[in-house]
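This report concerns helix ends, buried faces and charged pairs. Please view the sequence and coordinates alongside the text.

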Amino acid sequence: MRTVKLGLKSLMLHKLRSCLTTAGILFGVASVIAMLAVGEGASKEALDRFRDMGVTNILARSVKPPDTQQSSSQSAFSAMAYGLLYSEADLVQSALPKAKVVRVREVQRPLMRGEYFRTTIVVGTETDFIEVTNMHISEGRWLSEVDDQTLSNTCVIGASLANTLFPLENPLGQTILTGNDDRYVVVGVLEYQGRAAGPAGTTYDECMFIPMSTSRRRFGEEVSTSSGGSFKRERIELNEVKVKLETSEEVESAAHIMRDLLLEAHKQQNDVEITVPLELLKQEEASKRMFNIVLAVIASISLLVGGIGIMNVMLATVTERTREIGIRRALGAKRKHIIQQFLVEAGVLSALGGVVGVLLGMLVPIGIEAWFAQKTIILVPHVLLAFGISAAVGVVFGIYPAWRAANMDPVEALRHE
Amino acid sequence: MTQSPMSDDRKVIAEFVDVHRHYMMGTNVVRALNGVSMQVRQGDYLAIMGRSGSGKSTMLNLLGCLDRPTSGQYLVGGRDVSQLDDDALSDVRGREIGFIFQSFNLIPQLTVLENLEVPLFYQNRVGPESRAKAEHLARRVGLGGRLDHRPLELSGGQQQRVAIARALMNDPLFLLADEATGNLDSNTELEILALLDELRAEGVTIVIVTHNENVALRADKTLWLKDGEVEQLVDNRLAQTGGGAS
């Protein structure tokens, strides 16, 4: 403790120099912590997103073909047809008999409830949807087989939509009006999901869910939109087919089968996209590993630079304090005492840089979250690791100057002016 | 060699037995000390004098265990230290010898108290006792109220007093002073010499290396070196009363 105190005193002799030396380590540690926090946050977001999609799921989605193909295949009056077909969903089901295959139809509609209004996506789907998407009901119930068979005008709504349309009352049993005067009775409200896993840039929290059969009957397969004076008609049977497999081991072969079945058929129009969350998850994990390697290299370089700075200053300090070394040796200091003294000084220098660097490194992610809305995660092991490495850098780079100090001839050292 | 012509039963605390110290300067051998034998007894006040190149500094370094002889024996407290390794020599310096330097050599970033504690620090003896001792010695040299000052806040004379107090902290066998008043004005020099006289009167053994005859005359005896050999040993008390060299 006394050695540390003496080390601090010696460093205080050259405050500016000590501060500048510390800065090398400080920024090294701060940047490592900040980069790790941002990387961890981004990675976690991506991993969560893919997990939310379901690691045993495969998602086939209809996508609007590119404009060039659209104009060539579309006459003035006929609707542009694209995307997945009911028959294809059946094909998938028969190719993967043990899998749960859920069909999804999405239609944009204005929803009204009294004075409250919201244009959102009405999702027509089946009973397994809630299990496949791993969502949960907070109130009421999910859509049933009976709802589907009877084409009932029942709906389940997402938590955000519930808040928008029913800010003050319980939505259960209440009626929502869609644009074409259809009325839907709310039978359930979903738990808040808080993640962007929904269609067309929305989240499922904002959607209304109705039975597949009802959707098909009420909205049909054709969608008409008018924009800028032109009138467009699109024919689309299914927006998405979600497939849930029993285990993640089956995902690879199932994805292969689905790609064979669907992508081949849609090769011409290029209007179907298959997403395999497990593949994305693995890719993300691989890219995270690569990120960690890159980060380790950057961290090593920055700490190496900091370490060289410390070594440089410690060598200068040793030269400057040659006489002091001579005095201490004359007063009984052994070589190990001199080594200890200068190692402690180097360690204190880098540990100070480490401490301030940790604080700065923890502030930067907070700023990034606030200004760039980028999720960051600071992990305690990362902080400890960065600090530990910084202190170790000081000691390692302090060894040579300390060794030089300890090996000075006391007589020569005392003569030094 | 410093014993009086009459038998002296005081304990020998430092002794050179045919000490040689040779250096290589390129291909030449410099014989800085060439067969020096001498003794320092308990309570002695010995001055070592000589011209430049006479071997004074070499002798000081050897006496202070900062260097080892090429051949011959150096006994401190009866123990041959001439072949000890670096750590053991450091121990001897820390326990048996009190250094006083020409340029005071206090550590600038430390307070007076901390400077006084440095010799004990390396023997793991810093604590309430060392503090009490430092306070006592600071008072003894007239700097009782300056324990928290830093060296640069003190005059040259005060700094040398601190250095003397520091040299006494480890209860050494002898004080080894190197031109202890060389950096001081004449008044301050007299003060410091008076302090050394007092210490000597209290029984402290002092060896002072100097080129200043007035300083040397304060000592009981003066050992004159010439060309690395003992030229003569003068008993100053006898010399002042008309006596002579041995």
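At the N-terminal end of helix 6 of chain B, Asp185(B) acts as the cap, with a side-chain oxygen 3.1 Å from the backbone nitrogen of Asn187(B). The model is a predicted one. Helix 6 of chain B spans residues 186–201, and its 16 residues reach 22 Å from the first C-alpha to the last, close to the 22 Å expected at 1.5 Å a residue.

The buried residues of this helix are Thr188(B), Glu189(B), Ile192(B), Leu193(B), Leu195(B), Leu196(B) and Leu199(B). Viewed down the axis of helix 6 of chain B, these buried residues fall within an arc of 155°, so they line one face of the helix. In general, an α-helix has 3.6 residues a turn, so residues three or four places apart point the same way. The face turned away from the buried side of helix 6 of chain B carries the exposed residues Ser186(B), Asn187(B) and Ala201(B). Just after this helix, Gly203(B) adopts a positive phi of about 105°.

In chain A, helix 11 (residues 322–330) is mostly covered, eight of its nine residues being buried. Among them are Ile325(A), Gly326(A), Ile327(A), Arg328(A) and Arg329(A). Helix 11 of chain A is followed by Gly332(A), which has a positive phi near 115°.

Two further helices of chain A supply individual residues of note. Leu11(A) is found in helix 1 (residues 2–12) of chain A and is buried, with a relative accessible area of 8%. The C-alpha atoms of Leu11(A) and Leu238(A) are separated by 72 Å, the two residues being 227 apart along the chain. Ile293(A) has its place in helix 10 (residues 277–320) of chain A. Together with Met290(A), Val294(A), Val297(A), Ile298(A), Ile301(A) and Val305(A), Ile293(A) forms a nonpolar surface patch with about 620 Å² of accessible area in total.

How many salt bridges does the structure hold over all chains? There are 36 over all chains. Side chains of opposite charge can pair when their charged atoms come close. Three examples from chain A are tabulated below.

| Salt bridge | Closest N to O distance |
|---|---|
| Glu240(A) and Arg61(A) | 3.3 Å |
| Lys100(A) and Glu131(A) | 3.1 Å |
| Arg235(A) and Glu221(A) | 4.0 Å |

The side chains of Glu240(A) and Arg61(A) meet in a salt bridge. Glu240(A) lies in strand 12 (residues 240–244) of chain A and Arg61(A) in strand 1 (residues 57–62) of chain A, so the pair ties together parts that are 179 residues apart in sequence. Glu240(A) is buried at a relative accessible area of 5%, whereas Arg61(A) is partly exposed at 22%. Both residues belong to a network of salt bridges that also links Glu106(A) and Lys242(A).

Lys100(A) forms a salt bridge with Glu131(A). Since Lys100(A) lies in strand 3 (residues 100–113) of chain A and Glu131(A) in helix 5 (residues 129–132) of chain A, the pair ties together parts that are 31 residues apart in sequence. Lys100(A) is partly exposed at 30% relative accessibility, and Glu131(A) is partly exposed at 39%.

The salt bridge of Arg235(A) is with Glu221(A). Arg235(A) is in strand 11 (residues 230–235) of chain A and Glu221(A) in the loop between helix 8 (212–219) and strand 10 (222–227) of chain A, so the pair ties together parts that are 14 residues apart in sequence. Arg235(A) is partly exposed, with a relative accessible area of 32%, while Glu221(A) is buried, with 16%.

Methods: Residues numbered from 1 in each chain as written. Chains lettered and ligands numbered in written order. Predicted model: local features only at pLDDT ≥ 70, side-chain atom pairs only at ≥ 80, totals over all residues. Heavy atoms only, no water. Helix = DSSP H or I, 4+ residues; strand = E, 2+ residues; numbered from the N terminus. Expected span 1.5 Å × (residues − 1). Buried < 20%, exposed > 50% of the residue type's maximum accessible area, 1.4 Å probe, protein only. Arc of directions from axis to C-beta. Polar contact = N/O pair within 3.5 Å; in protein donor to acceptor, adjacent residues only side chain to side chain. Patch = residues over 30% accessible without salt bridge, like charges linked within 9 Å, V, L, I, M, F, W, Y side chains within 5 Å. Areas by Shrake-Rupley, 256 points an atom, 1.4 Å probe, with all protein chains shown as cover.
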